[in-house]
Amino acid sequence: MGKSTDFRYNTGATKVPWAAVGENYNAADLMEVISFLMQGDGPEYDAALEAVYEQIKKLDAISTPPGKLTTDKQVALAEEACNEYLGTETSTFLTNCTAGFEIAYKYAGIKEGDEVIVPAITFVATMAYPLAVGAKLVFADVNPRTLNMDPEDVARKITPKTKMIVPVHIGGYPVDLEPIMKLAKENNILVLEDAAHGFGAEYKGKKVGTIGDFAAFSFHEVKNITSFGEGGIATTNIPGFGDDMKRARFLGLNFGTEPIKDWLYNVTPIPGKEKPFVALNYSPTEIQGLGLKLQVARNDAIIEERRKAAEYLNSRFAENPAIICQDMGNDDIKPTFHLYLLQIDPSLAGGDIQILKKKLEEKSVTQIPHFGPIYRFKVVQDMGYDSDEIAKTCPNCEEVFHKRFTHLPLYGLSQEQLEYMADAVLESVAEMQAGK
Ligand SMILES: *Cc1c(COP(=O)(O)O)cnc(C)c1O
C-alpha cells in the first residue's frame with residue numbers, strides 16, 4: 001500500500017517515476033475534513049479538535065498516503081458488500097443512481113420514436129434520459145394504496161413501440177413486479193427497476209433491484225444510507241453484462257481488474273441489446289466506496305428503526321378511521337420505510353389532504369414535497385407533453401395527489417418528535433372533522 005504504482009503507469013522502481021495520483025492530503029487538510037463531517041463550536045469543541053490535530057500530525061509523520069483515490073479497492077469492497085447484501089453476483093458502484101439508469105437506457109437503445117412506461121408518481125431522475133433523447137414517456141397510473149405503478153394500467157399502455165418499463169419502488173415499498181415481469185417477457189420489453197428508495201426491500205423472498213433486467217439504487221444524501229452525499233449501485237440480470245456495466249462506468253475500461261496493455265485497442269464500445277454504445281464517465285472515488293461499505297453494514301438496523309417508527313405512527317393513527325396508515329407489508333413484501341405514506345379518506349376527514357398539509361405545515365411538521373404527478377412537472381410540459389390530457393389517463397394519481405396523500409419522515413427522530421408528529425396529525429384531522 002502507499003506506492004504510487006498501478007497498472008496505468010507501471011512506475012514501481014523506475015528512475016523517473018510517474019505519480020499516479022494528484023497532490024496528497026496533509027494533516028491540516030484532514031482537520032478540515034473532520035471539522036466538516038463533525039461540526040460544532042464553543043471552547044469544548046475547539047479543545048477536542050485541537051487534541052485531535054496534535055494526534056493527526058503525529059499520524060501524518062509516520063504514515064503514507066493511499067496512492068489511489070479513484071475507483072479501486074474500496075469501491076470493489078463496497079460492491080462486494082452490496083453483492084453479499086443483495087444476493088447478486090455483480091454490482092457496479094457509480095457516481096449516482098441516475099447514471100445507472102442511463103446505462104440501462106443506452107443498453108436498450110432508447111431513442112426518438114421509442115416508448116418508455118414510467119409511473120405517474122416518481123422523481124424526475126427516473127425518466128430524465130428518455131426525456132432528454134426525445135423518446136416518448138408513457139405514464140402508468142398508480143395503485144392508490146401504495147402509489148406504485150399499477151401493473152393493469154401498464155398492460156393497457158403497452159404498444160409495439162414500448163421498449164422499457166420502469167417500476168419505481170416509491171418510499172421503499174416494493175412494486176408488484178411479478179405481473180410486470182410477465183408482461184415484459186411476453187412483449188420483448190426490458191424492465192429497469194428504479195430502486196432509489198429500495199435498498200434492502202424484499203419482494204417474494206428476493207431483494208428488490210435484483211429482479212428486473214436492470215436496477216439502480218441511490219445513495220444520495222437524502223436516501224436511507226449514503227456514500228458521502230452521492231453514489232449509486234447498478235445491477236443487471238442480462239447474462240454477461242455485469243462486466244460490461246463496469247466498463248460502461250468508465251469510458252469502456254474496467255479499471256482495477258484488467259491491466260490495460262494497449263490503449264489504442266482496449267478502449268471499446270459497450271454491447272447493447274441491438275447495437276453497441278459509447279461509454280461516458282461515472283467513476284466514484286475510493287472515499288465514496290469506503291463510505292458506502294460502512295453504511296451498508298448498518299442498513300438492516302436502519303430499516304428496523306424506521307419500521308418501528310412507522311409502527312408507532314400506525315398505532316397512534318388507528319384511533320381515527322379517516323386516517324389510512326402506512327402499509328407495513330407481509331412475508332412477501334418487506335419495505336425499507338424510506339418514507340411514511342400518510343393518507344386520509346376525505347369523506348371521513350371532513351376535507352382533503354391539501355387542508356391537512358397546510359395544518360401540518362402550521363404545526364411545523366416537515367413533509368416531503370416532491371412526489372406528485374410527474375407529467376405536471378414543467379420540464380415535461382416544456383418538452384411538449386400535454387399534462388391535462390395525460391391526467392385523464394391517470395385518474396388514481398390525480399385523486400391521491402390532490403386529495404389523499406402526503407409523506408412524513410421516519411428516521412433520526414426522538415420519541416418526543418415522533419409523538420409530536422402523531423399528535424399534530426391527529427389534532428389536525430380532528431379539527432377538520434369538527435369543521436375548523
Ligand atoms: C433520488 C432518486 C433518484 C436519483 O438518485 P440519484 O442517486 O440522485 O441519481 C431516482 N429515483 C427516485 C425515485 C429518487 O428519489
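The legends below describe close-up views of a predicted model.

**View 1. An edge-to-face pair of phenylalanines, Phe199 and Phe219.**
Eleven aromatic pairs turn up in a search of the whole structure. In the pair formed by Phe199 and Phe219, the ring centres are 5.3 Å apart and the planes are at 80 degrees to each other. An angle over 60 degrees counts as edge-to-face, so this pair is given that name. Phe199 sits in the loop between β6 (190-194) and β7 (202-203), and Phe219 sits in the loop between β9 (214-218) and β10 (232-236), so the pair ties together parts that are 20 residues apart in sequence. Phe199 has a relative accessible area of 4% and is buried. Phe219 is buried too, with a relative accessible area of 0%.

**View 2. An aromatic cluster that includes Phe199 and Phe219.**
Tyr85, Phe199, Phe217 and Phe219 make up one aromatic cluster. A lysine is found over one ring of this cluster: Lys207 lies over the face of Tyr85, at 4.7 Å from the ring centre. Lys207 belongs to strand β8 (residues 206-207), and so does Lys206. Lys206 is partly exposed, with a relative accessible area of 47%. The C-alpha atom of Lys206 is 8.2 Å from that of Leu86, although 120 residues along the chain separate the two.

**View 3. A lysine over the ring of Tyr53.**
Here the residue over the ring is Lys57, which lies over the face of Tyr53. The distance from the ring centre is 4.4 Å.

**View 4. The largest cavity.**
Three cavities of 30 Å³ or more are found when the whole structure is searched. The largest cavity has a volume of about 80 Å³. Its lining consists of Arg145, Thr146, Ile170, Gly171, Tyr173, Gln326, Asp327, Leu339, Leu341 and His407. Sorted by class, four lining residues are nonpolar, four are polar and two are charged.

**View 5. The second largest cavity, with Phe199 and Phe219 in its lining.**
The second largest cavity holds about 60 Å³ of space. Both phenylalanines of the first view are in its lining, together with Ala196, His197, Gly198, Ser218, Lys223, Asn224, Ile225, Asn299 and Thr336. By class, the lining has four nonpolar, six polar and one charged residues.

**View 6. The second largest pocket.**
The second largest pocket has about 600 Å³ of space. It is lined by 31 residues, and those closest to its centre are His197, His220, Val222, Lys223 and His338. His197 and Lys223 also line the second largest cavity. Two helices, α4 (97-108) and α11 (299-317), each supply at least two residues of the pocket lining. Helix α4 gives the most, with three residues. The lining divides into 15 nonpolar, eleven polar and five charged residues.

**View 7. The two faces of helix α13.**
Helix α13 covers residues 353-362, and its buried residues include Ile353, Leu356, Lys359 and Leu360. These four cover an arc of only 120 degrees around the axis, which puts them on the same side of α13. An α-helix has 3.6 residues a turn, so residues three or four places apart point the same way. The face turned away from the buried side of α13 carries Lys358, Glu361 and Glu362, which are exposed.

**View 8. Two residues with positive phi, Phe228 and Leu251.**
Most residues other than glycine have a negative phi. Phe228 is not a glycine, yet its phi is positive, at about 55 degrees. Phe228 lies in the loop between β9 and β10, the loop that also holds Phe219. With a relative accessible area of 47%, Phe228 is partly exposed, whereas Phe219 is buried. Leu251 also has a positive phi of about 55 degrees without being a glycine. Leu251 is in the loop between α8 (241-249) and α9 (263-266). Its relative accessibility is 37%, and Leu251 counts as partly exposed.

Notes. Residues are numbered from 1 along each chain as its sequence is written. This is a predicted model: local features need pLDDT of at least 70, side-chain atom pairs count only at pLDDT 80 or more; totals for chains, interfaces and linings use all residues. Side-chain values use heavy atoms; hydrogens and water are left out. Rings of Phe, Tyr and Trp (its six-membered ring) pair if their centres lie within 6.5 Å; planes under 30 degrees apart count as stacked, over 60 as edge-to-face and the rest as tilted. Buried means under 20% relative accessible area, exposed over 50%, partly exposed in between (1.4 Å probe, protein chains only). A charge sits over a ring if NZ of Lys or CZ of Arg is within 6 Å of the ring centre and within 35 degrees of the ring normal. On a 1 Å grid over the protein atoms alone, a cavity is a set of points where a 1.4 Å probe fits but cannot get out, and a pocket is an open set with protein on both sides within 12 Å along at least five of seven lines; lining residues have an atom within 4 Å of a point. Grid points are joined across faces, edges and corners, and a volume is the space filled by probe spheres set on the points. Ala, Val, Leu, Ile, Met, Phe, Trp, Tyr, Cys and Pro count as nonpolar, Asp, Glu, Lys and Arg as charged, and the others, Gly among them, as polar. The arc is that of the directions from the helix axis to the C-beta atoms.
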